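Thanks for making the time today; I would like to walk you through the metal sites of one model. Please have the structure open while I talk.

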Amino acid sequence: MDKIYQHNKTEKEILNFWLERHIYHANERSDKDAFSIVIPPPNVTGSLHLGHALDDTLQDIICRYKRLLGYEVLWLPGTDHAGIATQNVVEKMLHKEGKTRQVFGRDKFIEKVWEWKEQYGQRIINQLKSLGASCDWDRERFTMDEGLSKAVKKAFVTLYSKGLIYKGTRIINWCPRCSTALADLEVEHEDREDKLYFVKYKFLDNPDKFITIATTRPETIFADTAVAVNPKDERFAGLVGEKVLVPMTDRVVEIISDSLVETDFGTGALKITPGHDPMDFEIGITHNLEVLIAIDSDGKMTELAGDLKGLDRDIARERAVEILEEIGALEKVEDLRHAVGHCYRCKTVIEPYVSEQWFVKSAPLAKKAMEAVKNDTIQFFPERWEKIYFDWLENIKDWCISRQIWWGHRIPAWYCNNCNEIIVSENEPKSCPKCNSTDLKQDEDVLDTWFSSSLWPFSTMGWPEETEELKKFFPTSVLVTGFDIIYFWVARMIMMSLVLTEKEPFKNVIIHGLIRDPQGRKMSKSIGNVIDPMDIIEESGADALRFSLASLSNPSGQDIKMSKEKVKGARNFANKLWNTARFVLNYEENVTNYDISNEDIANMEPEDIWILSRSNEVIDFLCQKLDEYNFSAASTEVYNFIWDEFCDWYIELTKFRMKNHFKDELALKVLFYTFRQSLIMLHPFMPFITEDLYRRLPNSKESITFETLKKFGHSFSSEKLKNMTALIEATKSTRKLRSEYRIAPDLTTEPILVMPDDIKNNFMSEIEKYCFLTKSKAPKVAQDMPTNLKGFAIERDTSITVLLYLEQDNLKKSKELIEKSLQKLLKEFKISEQRLNDPKFLKGAPEDVIEAEKEKITNQKESIEILERKLSFLK
Ligand SMILES: [Zn+2]
Ligand SMILES: [Zn+2]
């Protein structure tokens, strides 16, 4: 065993062992109870970021915990084909070679994307493996693989036959850069500075009279088909029905009234352009207005724009403003800050665009999805996310699912070129069922990537076939994800699962926060505060990364402040564990039989009973907290137990027994037993080092995965536990006094311990251990305090009061040391005080820096008070 822990070496070896032995393969025929999670599939283009690392660490903790409880656990991994994102990546690559996808054509281009996937698509999977994700890698899926493609077709055809998918002409969000429709959710709204143009529309019968409208998009005037006012707006009473001329064109349109028009925007009168605005489109339907198109799918002006034809929409806006000014139609221009929609993939400004698309009729699906959460079939943790979920589903609009790109699931619909019949089918039809023509053409569009991921929990297990996997592991138990995809993904999975399988996709949804930097800022490339989890794994190990993520995550789902320093603490813990193992394994040859018999129990020392009882309590606590998905409380408790109680107390005490009763086998049995228990408890959080050390222990199974998390099966007399409590109290108090009065151990006379009779009786048998632990001379044990307390340092926080007599020399030294510390503290306190009274600092410093300064001054005050109290006592 290496003297110093080398995380890179251990983690690599253990990962290979897990993969080679298929340790996490789930058996669908197992008679154990099932527990299952499907991984939120990362984009195949992606690389692991801290958000993934958190999400997957939490899933892994749950899976490993459930395995230790005896469940047959399936954690199903895979990746998403990420339609637009992947197509963009491959197109960019082709651009560098001076080529476009059009040069290749559809089939060749798709081949290129598959080639790209073969080459780069495993990156994130390999990163997940090095994080220690205990997925069933034999069951890895991809949203475009054969089985999942079948499921997508089946889902589409089923929903179409139920009338839940339809094709219609609507105004949709169009990205001119990506050349595709986007769902409402895929549009990001960002505030930006813009102009509001006030434009005069002359009346047909009186060219001196005009009505002024306000618009941010004068380039769309070419496609106006009405001017609208609110029926309640008295300013325009009597004008409804009048005809006006659209500037820059010779079109005559009517002034109409519609209650959708807001009276407080601009002048209260609006130009209506059904082809280029969603609200205008609606008003157009009500009033039967013509839909004209002035901007094409590339974001360029059509011939409707006359001389501006072919211009980019942004340039066309500038030109239109110039023309309006020239013809005297521009009344004024105002500044306007407003939200503008951008493509979530490429950040191009979205163009509302009228086109024929496929939609999922969402309201009936949403109704069932809400019921499932209302009646607790599905529960959110923390519960407050349910409101967000309901809010969206209550106001849901139909979901536009067709995308005009090539990479994705092609829509399983064919058109008859002879009679225009639409044939929706899982398999390619040979002829038109209506007219028998064989002149058929498949829809060119592909499905929204989120359509296939909405089927993920069951499509990955073989749906629509009735597979053994589905029977055993579906519905899944838990879904772990970030709040940012509750709409995109969680809600849609629930909708699709309920309609297609008539079952909920999962029972519990755990929503965690985002990871931020130590100052609470979002991690971003532009700030330069991004931490790459792969760097942390290299520097400190996956175990350390995982442990810090788990201990920082909070059950309220708040955002997490992460820094590399936090990982260092976890890395030190790994060292501590390694060194402990080396100590424990030293004694391997001294134990002949590891079973703890009833006779052993009868002969146990207080510390044996104490550590066994504590380990039982910690197991209870761990299970309770993990069942509540409180990862931070669970990990912190295990950490404290191992470091503080097991290493610092129990091992210290057993060292004493090694020394006095050479090779006390009972102590060694308890030592080995508790160390093994510690590894099992810690395993979900730090799987690599615990697996490595576990496998080195005698009588171990092939993998710690096959262990069971269970308590020591005996109860103990409380008398012996009392001895241990008394010993801990007296030792802690003595150590505290020593450090506070700066007393070197060899300078003291014997301590005096004052305690009530019932404790005193227990304590007498522990005196030897007390001397060993505190390196003290044998103490005087008394029931009452001495009458003269002069020259004593006293600690009376617990039921045992400890007094240490300070001799002349010592007294002087203590006073000097305490005075020195006090002076130093007072100086620091003054600096902090000045800083907090400085208005410049208060105004300029970030909030968390000010908070930290305030906390510092509170702590300083406390320490000063303590030191002053001690000093006065010594004088
Ligand atoms: Zn785009
Ligand atoms: Zn036909």
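**Two zinc sites**

Let me begin with the zinc ion (ligand 2), where the four donor atoms subtend angles of 101 to 114°, and the arrangement is therefore tetrahedral, a label that four donors earn if all angles lie between 85 and 135 degrees. This is a predicted model, in which local features need pLDDT of at least 70 and side-chain atom pairs count only at pLDDT 80 or more, while totals for chains, interfaces and linings use all residues. Residues are numbered from 1 along each chain as written, chains are lettered from A and ligands numbered from 1 in the order written, and side-chain values use heavy atoms, leaving out hydrogens and water.

The protein donors of ligand 2 are the SG atoms of Cys416, Cys419, Cys432 and Cys435, lying 2.2 to 2.3 Å from the zinc ion, where donors are N, O and S atoms within 2.8 Å of the metal (3.2 Å for Na, K and Ca), and sites may look incomplete because water is not among the atoms. Along the chain, these donors follow the spacing C-x2-C-x12-C-x2-C. Cysteine 416 is buried at 1% relative accessible area, whereas cysteine 435 is partly exposed at 28%; buried means under 20%, exposed over 50%, and partly exposed in between (1.4 Å probe, protein chains only).

Turning to the zinc ion (ligand 1), its protein donors are the SG atoms of Cys175, Cys178, Cys343 and Cys346, at 2.2 to 2.4 Å, with the spacing C-x2-C-x164-C-x2-C. The angles here run from 102 to 117°, so this arrangement is tetrahedral. Cysteine 343 is buried at 0%, while cysteine 346, at 22%, is partly exposed.

Notes:
Four donors count as tetrahedral if all angles lie between 85 and 135 degrees; four count as square planar and six as octahedral if opposite donors are over 155 degrees apart and all others between 65 and 115; anything else is irregular.
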